[in-house]
Amino acid sequence: MRARGDQVGIGSVVLGVVLVAAGIPLLVPRHLLREDSAAVSQREPNPVAPLETSPVPRKDSPEPVLHVEQVQGPKGLTVEVATPAPVTSPLTRFAKDALVPLTPDEEALLREEHVDDLATLVTRTERAFQDASPETRARQERRYLAALNLVAKLSAPPTEDTHARDQDARYQQALAREKAKWRDLAPEEQARAQETFKEWFFQGEQKR
Amino acid sequence: MKSFMGALRAVLLLAPMMAWAGPHYVASRDWGSFIWLSTWLDAGQTYTFETRDLAGSAPDTVLHVLRDRSGWSQVAVSDDCQGNTRSCVTFVAPDSGYYRVWVRAYADGRGGTASLYRNGTLLLSQQPFGGVPLLFAWNAKDTFRASATTPGGGDHLLFLLRSNTEYLQHDDDSGPKYYPLVTATSTQNVGTQRVVVGRYPGSAGTASFVHDEELWSTIFDDNDGDEDGLSDSLEPLIGLSPNNEDSDGDSIADTLEVFGNDGFSFSEWSSPTARDLYVEIDWMQHPTNPYLTRQPYAGLVADAAAVFAQETGGSVRLHAFIDSVLPWYEVVCYGSCPGGVDFYALKQSAFSAANPERRPYFHYAMWANRHTSLTSCSSGKAELLGNDLIISMGCFSSPSIQEQRGTFIHELGHNLNLDHNGNDVAGQYSVVHDSVMNYRYQFAGVSNSGWHSYSFGDNGCAACGSSPKAECVECRDGFLGCSFPGCGSCDCDVGEWGSLELDFSDDGDANDGAGRVSKRSALTRYLPDDKGGPARFQPRVPHEESPLVRRRDDVRRKRERLLSRGRVEGRDFHVSADGTLLYAECL
């Protein structure tokens, strides 16, 4: 019996060398080595691991950001699905989406601040600016302005609004006609008249 | 007498105003972003702020400078600069400190981008600016809210103006989940007043706007019949019932669905006019062997939502969230069992740990290995008419998408009071009962199509006489007989679960504040100060698993409800030996 066991041992070593040479790992999952995992857990029941609860969140505290997308189901149905946002560095992600190249200030900010969304970045830098001492205020303001300028670079450009454009054309024409009547007024009075006319015009537009 | 005369005089004075000022509601929309800049100014120094380089279809800025000195006030304002649509203002700072420069669009559609300069120096380049003014009258103590309506939605600001250039009040984040909430300090009805809504810089998403009349009037006892925090005159505007605090009957109060709440905000996901069904899914990860790990496939959420969308034409919307990882256990049981873990103990520690406020509204699905015993190969076990379900596909070496989806929809169906419709005997499953609740189609999909549905398609419940159940009775005549219990009445699957009131808090009834809120409990969730002050929603709901006695009592009531509906114990449902669980046993 013993010799047989030795033979098995030698065979195992030889087989192991062959498998390792072939690139097949020899690690065996722990649970497969257990005789009876249920029995083990019966003897030593695993304690229920308490999950961590997060503290009271702040407005700028990092929350798990969900990436929400519309998914097309069968027969043309569309449903909203939230998945965790992809894990990439803010700099890589934001620089990729920016309409124009980032400035050194903006790049430095993204390296320092790990945030998932821009509103959090703005809130955080704004808070730092408002909490700054007179000595650090200028630097914190630069960071805050960099965050806001980053927002602009990552915002979609304004879309064409034909209704607004038509309305504006009507307004400019009407304003030009009215202005002719105010030619003799003082500049302050002209400004007041324009303000009154503008209010009248757009309140009328709202009721159209 | 004196107080009566006082009240009468107040009524007479206020009557015209009350008739004129009514609630306002604007459905979910994109309001555009503000430029909302914090800046330090030194006392006595002259500052010029101006917008330049305006771009857009009809860009037109209004620029306000605000200062907080124990309350916000306006320091300077400019609409049109020298007759142009850009703005410019020069002023002397009255004191040193942080000021706000607020740039908005003059009217809806007149947003775009603009650069902001301070004393000729560029501060912000090509910033998006927008915001929408809404013109209507209001009374003192009316409330104004903007509630995000997109998941993880935008951070909004809300301003009250006496006219285009006269600032009154504003708020950023006093409401639930930092939504803006303003209580008007004065009545405004001259005709030039407006409310302006827009987003904080950098945030995205949509919001709905609600202006509501004062709910706790000092004159009138109540103008909120169902006491849900929405005035009787507002509710019809939103399509809600003034007599029902849960107008769409999904057990989530109208207030939560309209205004949202802290943490998991229901306004971002729910609609107050469509039934919303929420499920949290936690899954077990094997410590060493990834092939044993029971993780739902990534597309499950979308697939399951599509099933409900198709089944109900969008009137019931399923929101499932694949949430956290659970420690590995070979067996999970409802209650204690040898060699296994108690489902409820595990749930207590894992269920919405970070969002306890959502517990009373969410079903809880555990994606596990096996249930009840190591030898069980049942694919799942769910509370019937309940909120807990186990998906246990340990006997499937690698469960396919179809098998996972079918089992999830099937077990969730049990929570919604659907049973197997008599199809419990192996080898005798009805061919015509075309439902995922029938084992024949649990994995293969209805009509073996791969698509899972409770009762959709040619064999749907169009009419009682031709419903699957009716055909099912005929089908069974040969081997079970017409007297088979439960087959006598028409009982379409899809028609039943929409009207269910589930007992999410396991306290014995479905009308207990956990699901549908009771009349008084809605009011107690608000903390109005001395009648008429600001009301603040208290969103956090403590969660405790109910004690054994209460669970037994709950099971007893459920059993009575099911028996009264013609369900058969031992076939349609089972009660555990200790009487604490009522469940459907699945193969």
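**Fold of chain B and its packing against helices of chain A**

Chain B contains 12 helices and 26 strands, as assigned in what is a predicted model. Of the 587 residues of this chain, 60% count as buried, and the accessible surface of chain B comes to about 21100 Å², with 53% of that area belonging to carbon and sulfur atoms. Among the contacts in chain B with a separation of 6 or more, 69% are accounted for by residues 24 or more positions apart.

Within chain B, four strands are arranged as an open sheet in the order 2-7-4-5, and the pairing is antiparallel. Strand 2 (35–41) and strand 5 (72–78) of chain B form the edges, each pairing on one side only, and from one strand to the next the twist averages 25°. In the interior of this order, strand 4 (residues 61–68) and strand 7 (residues 97–105) of chain B are joined in the antiparallel sense over seven bridges; Leu66(B), for instance, has Arg100(B) of strand 7 of chain B as its bridge partner.

A further antiparallel pair is made by strand 8 (residues 112–118) and strand 9 (residues 121–129) of chain B, which are connected by six bridges, with Gln127(B) in strand 9 of chain B serving as the bridge partner of Ala114(B). The hairpin formed by strand 8 and strand 9 of chain B has two residues between the strands, and there Asn119(B) adopts a positive phi near 50°.

Two helices of chain A lie across strands of the four-stranded sheet. Helix 6 (residues 118–130) of chain A lies across strand 2 and strand 7 of chain B and runs at about 15° to strand 2 of chain B, whereas helix 7 of chain A, which also lies across strand 2 and strand 7 of chain B, runs at about 170° to strand 2 of chain B.

The largest nonpolar core comprises 47 residues, and those with the most contacts inside it are Leu37(B), Phe49(B) and Phe159(B). Helix 7 (residues 137–154) of chain A gives the most to this core, contributing eight residues. When neighbours within four places in sequence are left aside, the contacts of Phe49(B) include Thr39(B), Leu41(B), Leu63(B), Val101(B), Tyr117(B) and Leu123(B), as well as Ser87(B), Cys88(B), Val89(B) and Phe91(B).

A second, separate core of 30 residues includes Ala304(B), Leu389(B), Ile409(B) and Leu418(B). Phe408(B), which is placed in helix 7 (residues 401–415) of chain B, counts as buried because its relative accessibility is 0%. Neighbours within four places in sequence again being set aside, Phe408(B) is in contact with Val279(B), Ile281(B), Leu300(B), Ala304(B), Leu318(B), Ala365(B), Trp367(B), Leu389(B) and Ile391(B). Of these contacts, Leu300(B) is 108 residues away from Phe408(B) in sequence, while the C-alpha atoms of the two residues are 8.8 Å apart in space.

In chain A, helix 5 (residues 104–112) has Glu106(A), Leu109(A) and Leu110(A) as buried residues. Seen down the axis of helix 5 of chain A, the buried residues fall within an arc of 95°, and they therefore line one face of the helix. The face of helix 5 of chain A that is turned away from this buried side carries the exposed residues Pro104(A) and Arg111(A).

Definitions and conventions: Residues are numbered from 1 along each chain as its sequence is written. Chains are lettered from A and ligands numbered from 1 in the order in which they are written. This is a predicted model: local features need pLDDT of at least 70, side-chain atom pairs count only at pLDDT 80 or more; totals for chains, interfaces and linings use all residues. Side-chain values use heavy atoms; hydrogens and water are left out. Buried means under 20% relative accessible area, exposed over 50%, partly exposed in between (1.4 Å probe, protein chains only). The arc is that of the directions from the helix axis to the C-beta atoms. A nonpolar core is a set of buried Ala, Val, Leu, Ile, Met, Phe, Trp, Tyr and Cys residues joined through side-chain atoms within 4.5 Å. Contact means heavy atoms within 4.5 Å. Two strands pair if DSSP finds at least two bridges between them. Axes are lines fitted to C-alpha atoms, for helices over the stretch in contact, and angles run from 0 to 180 degrees between N-to-C directions. Accessible areas come from the Shrake-Rupley method with a 1.4 Å probe; for residues, only the protein chains shown count as cover.
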